[in-house]
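Below are some comments on the model, set out as numbered points for discussion. Please read them alongside the sequence and the coordinates.

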Amino acid sequence: METVRREGVHISYSDQGQGEVIVLLHGFCGSAEYWEKVIPILSGSYRVIAPDLRGHGSSDAPLGAYTIEQMADDVLSLLDALDIPKVTLLGHSLGGYITLSFAQRYASRLTAFGLIHSTAYPDSIEAKEKRLKAVAAIGSQGITDFVDGFVPGLFAPETTESSPELLQRAREIGFKTPPQGAIGAALAMRERPDRRDVISASELPVLLVAGEKDGLVPVERTFTSDKRNVTKAVISGAGHMSLFEEPEQLADVIKDFAAVLVR
């Protein structure tokens with residue numbers, strides 16, 4: 001992992017392969033390691049950059065609430081530091097919220113963008129309350145207990161039974177999340193606005209990927225637009241974590257989408 005610095009905060013990142021640039025943003029309590037099964041497939045054809053988001057993995061985790069905009073600005077600073085003018089930006093879950101903020105404000109830096117098991121909707125009132133409960137749980141019990149309880153709900157029920165090693169790997173990655181980083185990111189997600197208009201107004205190619213058995217972000221909350229520039233894909237058999245459950249299927253969807261961009 002390499003690092004860049006923005007406003008005193010170090011952001012770590014993985015940089016593999018050559019060619020057109022795809023940037024992958026991970027989900028809550030994840031890191032660039034979330035993509036460890038996908039990057040080897042994509043990096044044979046593309047340059048794939050995967051940062052540890054602010055508050056996650058090996059990146060710095062300042063105290064206090066973060067904002068989605070702040071986390072998107074970290075991504076912009078990374079691209080500036082690497083002197084990369086345009087990328088395809090794809091975000092998983094929390095990473096999708098950051099992708100939408102980036103697309104809203106820095107569209108000129110994008111070739112395309114997409115959401116993977118994510119949504120342009122804001123948190124509901126109920127979801128906002130759950131964020132506060134998560135913050136309280138992390139503060140009182142620590143990150144290990146929180147991640148232990150959080151991870152099973154990310155996977156399809158069949159996966160939890162047939163492939164417990166995938167859940168264990170997600171836990172191992174999650175355990176590395178600094179508690180204050182998880183708290184800062186949870187508060188950022190709680191305050192994010194409705195960004196369905198970012199997708200509906202954009203003329204850029206957009207990829208929307210949903211998991212057939214995603215219990216956190218159902219298909220209809222991902223597929224918020226029927227515009228001609230929007231490509232939709234459902235990953236069969238996957239919950240919220242196709243990057244673990246069906247990495248080859250997800251990578252094929254991304255490659256098919258990206259291949260059209262460079263024609």
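**Notes on the predicted model**

1. Leucine 187 counts as partly exposed, since its relative accessibility is 22%, and in this predicted model the residue belongs to helix H8, which spans residues 179-190. Leaving aside neighbours within four places in sequence, leucine 187 is in contact with Ala65, Tyr66, Leu132 and Val135. By contrast with these contacts, the C-alpha atoms of leucine 187 and threonine 111 are separated by 30 Å, the two residues being 76 residues apart along the chain.

2. Tyr66, one of the contacts of leucine 187, also takes part in a cation-over-ring arrangement, in that the charged end of arginine 54 sits over the ring of tyrosine 66 at 5.9 Å from its centre. Another such arrangement involves arginine 192, which lies over the face of tyrosine 97 at 3.7 Å from the ring centre.

3. Aspartate 52 deserves a separate comment. It is placed in the loop between strand E4 (47-51) and helix H2 (68-81), and it is buried yet has no salt bridge, the nearest side chain of opposite charge being that of lysine 176, 8.5 Å away. That distance does not meet the salt-bridge criterion, because a side-chain nitrogen of Lys or Arg would have to be within 4 Å of a carboxyl oxygen.

4. What does the side chain of aspartate 52 reach at 2.8 Å? It reaches the backbone nitrogen of alanine 32, and Ala32 accordingly appears among the contacts of aspartate 52 beyond four places in sequence, which also include Met1, Ile11, Tyr13, His26 and Gly57.

5. The count of aromatic pairs comes to six. One of them joins phenylalanine 28 and phenylalanine 150 edge-to-face, with 5.7 Å centre to centre and 85° between the planes. This pair links distant parts of the chain, 122 residues apart, with phenylalanine 28 in the loop between strand E3 (21-25) and helix H1 (39-42) and phenylalanine 150 in helix H5 (residues 143-150). Phenylalanine 28 is buried, with a relative accessible area of 8%, whereas phenylalanine 150 counts as partly exposed at 23% relative accessibility.

6. Tyrosine 34 and phenylalanine 244 likewise form an edge-to-face pair, at 5.3 Å centre to centre and with 85° between the planes. Because tyrosine 34 lies in the loop between E3 and H1 and phenylalanine 244 in helix H11 (residues 242-245), the pair ties together parts that are 210 residues apart in sequence. Both tyrosine 34 and phenylalanine 244 are buried.

7. Finally, ring pairs link Phe28 and Phe150, together with Phe146, into a cluster.

Conventions:
Residues are numbered from 1 along each chain as its sequence is written. This is a predicted model: local features need pLDDT of at least 70, side-chain atom pairs count only at pLDDT 80 or more; totals for chains, interfaces and linings use all residues. Side-chain values use heavy atoms; hydrogens and water are left out. Helices (H or I, at least four residues) and strands (E, at least two) are DSSP runs, numbered from the N terminus. Buried means under 20% relative accessible area, exposed over 50%, partly exposed in between (1.4 Å probe, protein chains only). Lys and Arg count as positive and Asp and Glu as negative; His and the chain ends are not counted. A polar contact is a pair of N or O atoms within 3.5 Å; within protein, one must be able to donate a hydrogen and the other to accept it, and residues adjacent in sequence count only if both atoms are side-chain atoms. Contact means heavy atoms within 4.5 Å. Rings of Phe, Tyr and Trp (its six-membered ring) pair if their centres lie within 6.5 Å; planes under 30 degrees apart count as stacked, over 60 as edge-to-face and the rest as tilted. A charge sits over a ring if NZ of Lys or CZ of Arg is within 6 Å of the ring centre and within 35 degrees of the ring normal.
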